[in-house]
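Okay, hi everyone, thanks for squeezing me in. I'll put the structure up and then talk you through a few spots in it.

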Number of protein chains: 2
Amino acid sequence: MATRIGQRTVRFDRPPRISAAAAVVGKREGEGPLGALFDEVHADNLVNEASWEKAESRLQALALEAALRKGNCPSQAVDAVFAGDLLNQCIGSTFGLREFGIPLIGLYGACSTMALSLGCAALFVESGAARRAAAVTSSHFCAAERQYRFPIAYGGQRTPTAQWTVTGAGAVLLAAGERGAAVTAFTVGQISDLGVSDANNMGAAMAPAAADTVLRYFADTKTDPADYDGIFTGDLGQVGSELFCGLLAREGVSLAGKHADCGLLIYDRARQDVHAGGSGCGCSASVLCAALLPRLQRGEYRRILFCATGALLSPTSVQQGETIPSIAHLLCLTSGD
Amino acid sequence: MATRIGQRTVRFDRPPRISAAAAVVGKREGEGPLGALFDEVHADNLVNEASWEKAESRLQALALEAALRKGNCPSQAVDAVFAGDLLNQCIGSTFGLREFGIPLIGLYGACSTMALSLGCAALFVESGAARRAAAVTSSHFCAAERQYRFPIAYGGQRTPTAQWTVTGAGAVLLAAGERGAAVTAFTVGQISDLGVSDANNMGAAMAPAAADTVLRYFADTKTDPADYDGIFTGDLGQVGSELFCGLLAREGVSLAGKHADCGLLIYDRARQDVHAGGSGCGCSASVLCAALLPRLQRGEYRRILFCATGALLSPTSVQQGETIPSIAHLLCLTSGD
């Protein structure tokens with residue numbers, strides 16, 4: 001049974017377990033601090049495909065294949081896959097998952113999609129609607145630049161607040177069961193829009209959404225940061241992370257020693273030229289799958305929060321002078337033992 | 001409890017009830033055979049907004065407002081809204097729903113989104129994750145033409161197999177409860193791709209997906225067309241409907257007298273120049289909300305199938321020579337009494 005607690009949080013009384021996870025990334029991500037943790041690193045960002053978009057689809061397929069292999073699970077045993085990405089009409093997912101023969105629930109939450117898809121997958125498993133489910137998301141730097149900003153060959157200058165779209169994909173397999181890391185709660189995000197209109201500063205646009213969701217989760221569950229081994233946002237980057245921690249401090253909540261952002265974990269900003277940090281659906285997905293879930297599975301973390309953030313803009317909305325609505329979805333994950 | 005039956009169908013043992021629904025459409029839809037049934041018809045396709053995209057967002061907001069009003073339900077009482085549309089990054093939904101303060105689950109299923117969002121909303125309500133939920137989708141002819149094909153002012157010729165994107169939005173409110181039409185089963189779609197690559201013949205691309213989902217549902221539930229008062233697809237149009245019925249006939253399933261397509265119901269093709277019929281997320285959504293659900297609520301239908309179909313292409317995938325992956329999600333709806 002899913003039980004609503006407080007205003008916006010769903011508690012899973014029979015928490016679905018994470019049976020396997022995998023992350024597949026590009027060259028720059030492989031050169032970052034988490035490089036050794038990824039399941040596959042592709043030096044060729046085209047991954048042997050003919051376009052950046054097809055390469056992104058391929059990353060998504062490779063991540064799901066790796067998770068199925070690690071979970072020793074045939075694709076026919078997966079009742080539903082929850083997937084999304086940043087490409088127009090989510091073609092990273094639809095073409096990436098076309099050959100698997102798994103019922104598909106397509107989602108759109110911009111860079112928050114990993115938390116959204118994993119939360120929905122958890123509800124399907126917990127309610128009995130699916131015995132096994134998968135959550136998969138991806139992004140690709142070159143495909144995103146071409147679509148949102150400029151083609152790579154143009155060599156456009158980036159502002160210091162800009163974030164670098166991660167080339168990568170993450171896939172998580174969930175099952176009803178007894179063992180393994182567990183998804184114990186899901187707080188569905190609500191749109192925040194405080195009027196930021198700079199599409200090169202999405203961290204600032206998303207910070208209020210992350211603060212809103214995390215504060216709501218703490219209130220709903222009557223817990224505080226001391227109850228968690230880590231509170232991971234993704235992907236606020238440097239600018240957004242400072243704003244996020246500041247917004248929480250203003251409400252009397254200190255995250256000192258607890259907070260890290262997936263967009264800051266994936267690159268070494270001193271060594272890699274990524275400006276304010278990483279972003280993209282593939283950022284929090286690959287950090288979750290490569291760095292966070294293994295530590296939960298090994299019991300090094302007992303309980304963490306994973307709060308993925310998304311900027312719900314489009315190039316068209318920016319050109320029409322709109323501000324940037326943002327959202328953050330949150331999951332509580334435990335070591336399950 | 002949700003119970004899986006057969007391979008791909010979820011049965012809702014405590015079916016969520018539809019407490020209200022509303023449809024808001026544009027001028028051409030208002031002039032069609034269902035014109036008198038819509039809650040609002042806007043003669044101005046800009047709906048007093050400055051762009052087609054903002055107009056689409058406005059339609060989505062108006063449809064949800066109308067459904068909340070008809071259901072006598074404040075927006076704060078809705079625990080989650082499930083929404084999607086065809087615009088890049090789903091800005092029809094994110095900007096349309098920005099002011100409501102309702103937790104948002106964004107979905108992408110192209111023109112299948114109404115069945116996808118209503119099915120997911122039903123699971124959230126049935127499992128206890130939400131007390132009340134809403135499902136909302138939209139499309140806009142001019143915004144879709146500019147994004148997928150040519151700007152309206154270009155005056156591009158359309159092929160006879162092309163469909164006309166509906167300007168409209170539909171919203172459904174769901175609640176746990178005793179009375180009203182019910183969502184009793186949900187079959188999650190699986191991608192079909194038989195190699196159709198003509199983006200002006202999406203009916204042909206989607207027909208196999210619809211046939212696959214409907215046949216799977218009949219097998220899973222051990223029912224046949226005689227058990228239903230109507231089997232509604234959306235939006236296959238004229239070309240896709242003929243192929244769909246042919247594919248089912250080949251499997252020994254006759255839909256004679258039972259099948260209708262939302263894309264054919266919404267316009268009078270003899271009088272309105274829409275080529276193969278209507279399409280767009282707003283097509284099956286507005287037909288469901290204005291024509292099908294009221295007949296269920298009045299008991300004129302006892303049990304129907306609503307199978308919305310989506311073509312999961314993008315202009316980029318077409319330009320890169322890809323075929324068109326398609327999907328169809330199905331709901332069983334009953335009068336509930």
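I'll start with confidence, go on to the interface and the aromatic rings, and finish with two single residues.

So, first thing to keep in mind: this is a predicted model. For chain A the average pLDDT is 96, and 100% of the residues score at least 70. For the complex, the predictor gives an ipTM of 0.98 and a pTM of 0.98.

Right, the interface. How many residues of chain A are in contact with chain B? There are 59 of them, and they touch 59 residues of chain B. In terms of area, the two chains bury about 4,700 Å² between them, with 61% of that on carbon and sulfur atoms. If you look at the chain A side, the residues that lose the most area to chain B are A:Arg4, A:Gln89 and A:Arg98, and together they make up 15% of what that side buries.

There's charge pairing across there too: the rule finds 8 salt bridges between chain A and chain B. One to click on is B:Glu322 with A:Lys54, where the closest N and O atoms are 3.3 Å apart.

Okay, on to the rings. Over all chains, the structure holds 14 aromatic pairs. Take A:Phe218 and A:Tyr228: their ring centres are 6.1 Å apart with 45° between the planes, so this pair counts as tilted, given that stacked needs under 30 degrees and edge-to-face over 60. In sequence the two are 10 residues apart, with A:Phe218 in helix α6, residues 202-221, and A:Tyr228 in the loop between α6 and β11 of chain A. Buried or exposed, for A:Phe218? Buried, because its relative accessibility is 6%. A:Tyr228 is buried as well, at 2%. And ring pairs bring in a further residue here, linking A:Tyr217, A:Phe218 and A:Tyr228 into a cluster.

Now compare that with a pair in chain B, B:Phe150 and B:Tyr154. This one is stacked, at 4.7 Å centre to centre and 25° between the planes. As for the surroundings, B:Phe150 is partly exposed at 41% relative accessibility, while B:Tyr154 has a relative accessible area of 55% and counts as exposed.

While we're on rings, there are charges sitting over them as well. In chain A, A:Arg28 lies over the face of A:Trp164, 3.9 Å from the ring centre. In chain B, the charged end of B:Arg28 is over the ring of B:Trp164, and the distance to the centre is 3.9 Å.

Last bit, two single residues. Where does B:Leu97 sit? You'll find B:Leu97 in the loop between α3 and β6 of chain B. B:Leu97 is buried, since its relative accessibility comes out at 4%. Beyond its sequence neighbours, B:Leu97 is in contact with A:Ile191 from the other chain, and its chain B contacts include B:Leu64, B:Val81 and B:Leu104. B:Asn72, for reference, is 25 residues away from B:Leu97 in sequence and 18 Å away in space, C-alpha to C-alpha.

The other one is B:Thr165, in strand β8, residues 164-165 of chain B. That residue is buried too, with 3% relative accessibility. Leaving out the close sequence neighbours, B:Thr165 contacts a list of chain B residues, among them B:Glu29, B:His140, B:Arg149, B:Tyr267 and B:Ser279.

That's me done, happy to spin the model around for anyone who wants a closer look.

Terms used:
Residues are numbered from 1 along each chain as its sequence is written. Chains are lettered from A and ligands numbered from 1 in the order in which they are written. This is a predicted model: local features need pLDDT of at least 70, side-chain atom pairs count only at pLDDT 80 or more; totals for chains, interfaces and linings use all residues. Side-chain values use heavy atoms; hydrogens and water are left out. Rings of Phe, Tyr and Trp (its six-membered ring) pair if their centres lie within 6.5 Å; planes under 30 degrees apart count as stacked, over 60 as edge-to-face and the rest as tilted. Helices (H or I, at least four residues) and strands (E, at least two) are DSSP runs, numbered from the N terminus. Buried means under 20% relative accessible area, exposed over 50%, partly exposed in between (1.4 Å probe, protein chains only). A charge sits over a ring if NZ of Lys or CZ of Arg is within 6 Å of the ring centre and within 35 degrees of the ring normal. pLDDT is the predictor's confidence in each residue, from 0 to 100. Contact means heavy atoms within 4.5 Å. Buried area is the accessible area (1.4 Å probe) that two parts lose on being put together, summed over both. A salt bridge is a side-chain nitrogen of Lys or Arg within 4 Å of a carboxyl oxygen of Asp or Glu. Lists of a residue's contacts leave out its neighbours within four places in sequence.
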